[in-house]
Amino acid sequence: MSGLFVTFEGPEGAGKSTQLARLVERLWADGLACTVTREPGGTELGSRVREVLLDPSLTIDPLPEFLLYSASRAQLVANVIRPALDRGEVVVCDRYADSSLVYQGAGRGLDARLLTDITRAVTGGQMPDLTVLLDLDPVIGLERAARRGQPDRLEQADLAFHRRVREGFLVLAGLNPSRFLVLDAILAPEVLEERIWHAVQSCPHSSSTS
Ligand code: TMP
C-alpha cells in the first residue's frame with residue numbers, strides 16, 4: 001500500500017510550520033501513522049547542508065545553491081520519504097522540489113529544464129499528492145520573518161527576488177491545479193487549518209512516481 005505525500009510551500013513568513021504542526025496533530029488524533037520532515041534538512045546530511053545554505057555570511061552562486069538543495073533532497077527521498085510512503089504512512093514535508101523550481105528558477109533565474117531534469121533524477125519522480133501553498137505578500141512575510149530574529153541567507157535577498165518567488169509559486173500552482181491547494185495566508189489560522197484538513201481527507205492516496 002502506498003501512503004499519502006503532503007507538502008507545504010510558500011514564501012517567507014507565510015505560516016507553513018504552524019499549519020503543518022496543526023495538520024500533524026489532527027493526523028495523530030485520527031490514529032494515522034505519519035512522518036514529518038522538512039527541506040532542506042530531515043537527515044543528518046540535510047541538516048548540515050541546511051546550515052551551509054542558510055548561513056548569511058556565505059555567498060553561494062545559483063547553481064551550487066540548487067545542487068546543495070538537491071543533495072539534501074536526494075538523501076531525504078531515499079532515506080525518509082520513500083520508505084515511509086512504502087510503509088503506507090502519511091508523509092508531511094515542509095517544502096520540497098517546488099521550492100527549488102521557484103526559488104532557484106523564478107528567483108535566481110536558473111533554467112527551468114535543468115531544474116526539472118535534475119529534480120526528476122534526485123527524487124526518482126516522487127511528487128506530492130497534495131501541495132498546500134500558503135500565499136502571502138512578501139512585504140508582510142518578510143516582516144513576520146524578521147520578528148523571528150536575524151534574517152538567514154535567503155531572507156536577506158532583496159524584495160524583487162521575493163516578489164518573483166511569490167509569483168513563481170502562483171504560476172506553478174496554476175500549472176498543477178489538481179495537486180495544489182492555494183490559500184491566502186492572511187486568513188485566520190483556524191480557517192486555514194479546516195481547509196487543509198478537508199483537502200487532506202479528500203485527497204486520493206496515490207503517490208505519483210511519474
Ligand atoms: P524554511 O526556512 O522555510 O525551512 O526554508 C529554508 C529556505 O530555503 C527558504 O528561504 C526557502 C529556501 N529554499 C530554496 O531556496 N530552495 C529549495 O529547494 C528549498 C527546499 C528551500
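These are my notebook entries on a sheet and the helices around it in a predicted model.

**Entry 1: the sheet.** I began with the strand order. Five strands form an open sheet, arranged β2-β3-β1-β4-β5, and their pairing is parallel. I then looked up the edges. β2 (34-38) and β5 (180-184) each have a single partner strand, so one side of each lacks a neighbour in the sheet. On average, neighbouring strands are turned by 15° against each other, direction ignored.

**Entry 2: the pairing of β4 and β5.** I looked up how strand β4 (residues 130-135) is joined to β5 and found five bridges, with the two strands running parallel. For L133, I recorded V182 as the bridge partner in β5.

**Entry 3: helices on the sheet.** I next asked which strands α3 touches: α3 packs on the sheet with contacts to β1 (4-9), β2 and β3 (90-94). The direction of α3 makes about 155° with that of β2. I repeated the query for helix α8 (residues 189-202), which also packs on the sheet and touches β1, β4 and β5. I noted an angle of about 170° between the direction of α8 and that of β5.

**Entry 4: helix α2.** I examined burial along α2 (residues 44-54) and found G46, V49, L53 and L54 buried. Viewed down the helix axis, the buried residues of α2 fall within an arc of 120°, so they line one face of the helix. On the other side of α2, I listed E44, R48 and E51 as exposed. Finally, I looked up what the buried residues of α2 pack against, and the partner is α3 (62-86).

Note on methods. Residues are numbered from 1 along each chain as its sequence is written. This is a predicted model: local features need pLDDT of at least 70, side-chain atom pairs count only at pLDDT 80 or more; totals for chains, interfaces and linings use all residues. Side-chain values use heavy atoms; hydrogens and water are left out. Buried means under 20% relative accessible area, exposed over 50%, partly exposed in between (1.4 Å probe, protein chains only). Helices (H or I, at least four residues) and strands (E, at least two) are DSSP runs, numbered from the N terminus. The arc is that of the directions from the helix axis to the C-beta atoms. Contact means heavy atoms within 4.5 Å. Two strands pair if DSSP finds at least two bridges between them. Axes are lines fitted to C-alpha atoms, for helices over the stretch in contact, and angles run from 0 to 180 degrees between N-to-C directions.
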